[in-house]
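Colleague: Please take a close look at one part of this model, the sheet and what lies around the hairpin at its edge. A plain account for a first-year student would be best.

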Amino acid sequence: MTDYKQISKAVISRLPRYYRYLGELMEEGIERISSNELSARMKVTASQIRQDLNNFGGFGQQGYGYNVKYLYAEIARILGIDRQHNLIIIGAGNLGQAIANYTNFEKRGFIIKGMFDINPRLIGLVVRGAKIRGIDDLEQFIVENEVQIAALTIPKSKAPEIADRLVKAGIKAIWNFAHTDLSVPDDVVVENVHLSESLMRLSYRVCSMQDERERREKGQLS
Ligand code: NAI
């Protein structure tokens, strides 16, 4: 098996997008595609695509392009979404329940095994097959269900303490929605997801465009 350890984070971060486009191509019944055609669809330069996909070797052939099905399966393997990942959600409030209600994660191999909360009114409820349990059951549940990933959708003040418990119980990955940076050992990975940060970046871009437009208009008027 190819050793993919040396691939840069930037390339890895682009793979889910390739995966999405390749999935769409398969749905359209397209079996192969050139880097130029993929470039036109994805609005990324063909050379960027070739550079990215060359990291994995042997996918593209001169004059043939990329075999869509093969590349799709290979990217899934690289991303590890060809395997099953057992996941739990800590905090069964608005966001936790929204995640549990989203069906597409299962299609990517992420199986929501259960949810945890401290609110007695929530404990015992079932959200799309995932039962909400009391937080006291956390450690035992993780071990018994071979849980690898925990989504943290609790207030930020509670996140460090729960993260410590998760790590001690053997969790290897935290999908962190709480607005705080977690400190975990090196063998535990954290992926922060902050919608508000994304919204702030959007705000910056929209304001820059607006300012630019105003400057241009003023320039034209004077
Ligand atoms: P919510 O109040 O609806 O849900 C939070 C849940 O966590 C509650 O059910 C509460 O009982 C539970 N909880 C509190 N302490 C706990 C503990 N120690 N163990 C287990 N459960 C506990 O809040 P919402 O809207 O679902 O947001 C949850 C968190 O996610 C907040 O920290 C919020 O700031 C954050 N958030 C992050 C977003 C992001 O993009 N990263 C977007 C929206 C919310």
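Modeller: What follows goes through the sheet, its edge, the helices on it and two loop residues.

This is a predicted model, in which local features need pLDDT of at least 70 and side-chain atom pairs count only at pLDDT 80 or more, while totals for chains, interfaces and linings use all residues. Residues are numbered from 1 along each chain as its sequence is written, and side-chain values use heavy atoms, with hydrogens and water left out.

Helices (H or I, at least four residues) and strands (E, at least two) are DSSP runs, numbered from the N terminus. Two strands pair if DSSP finds at least two bridges between them. Strands of a sheet pair through backbone hydrogen bonds, either parallel or antiparallel.

The sheet is open and has seven strands, in the order β6-β7-β5-β4-β8-β9-β10, with mixed pairing. Its edge strands are β6 (126-127) and β10 (189-192), each of which pairs on one side only. At the β6 edge, two bridges join β6 to β7 (residues 130-134), and these strands run antiparallel. Val126 has Lys131 in β7 as its bridge partner.

Two helices pack on this sheet, where contact means heavy atoms within 4.5 Å. Helix α5 (residues 94-101) touches β4 (85-90), β5 (110-117), β6, β7 and β9 (173-176), and its direction makes about 155° with that of β5. Helix α8 (residues 159-168) touches β4, β8 (149-152) and β9, and its direction makes about 170° with that of β8. For these angles, axes are lines fitted to C-alpha atoms, for helices over the stretch in contact, and the angles run from 0 to 180 degrees between N-to-C directions.

On to the pairing of β7 with β5: these strands pair in the parallel sense over three bridges. Here Met115 has Ile132 in β7 as its bridge partner.

The hairpin of β6 and β7 has two residues between the strands. Arg128 is in that loop and has a positive phi of about 45°, although it is not a glycine. Most residues other than glycine have a negative phi. Arg128 is partly exposed, with a relative accessible area of 36% (buried means under 20%, exposed over 50%, partly exposed in between, with a 1.4 Å probe and protein chains only).

Lys43 also has a positive phi without being a glycine, near 55°. Lys43 is in the loop between α2 (35-42) and α3 (46-54), and is exposed, at 74% relative accessible area.
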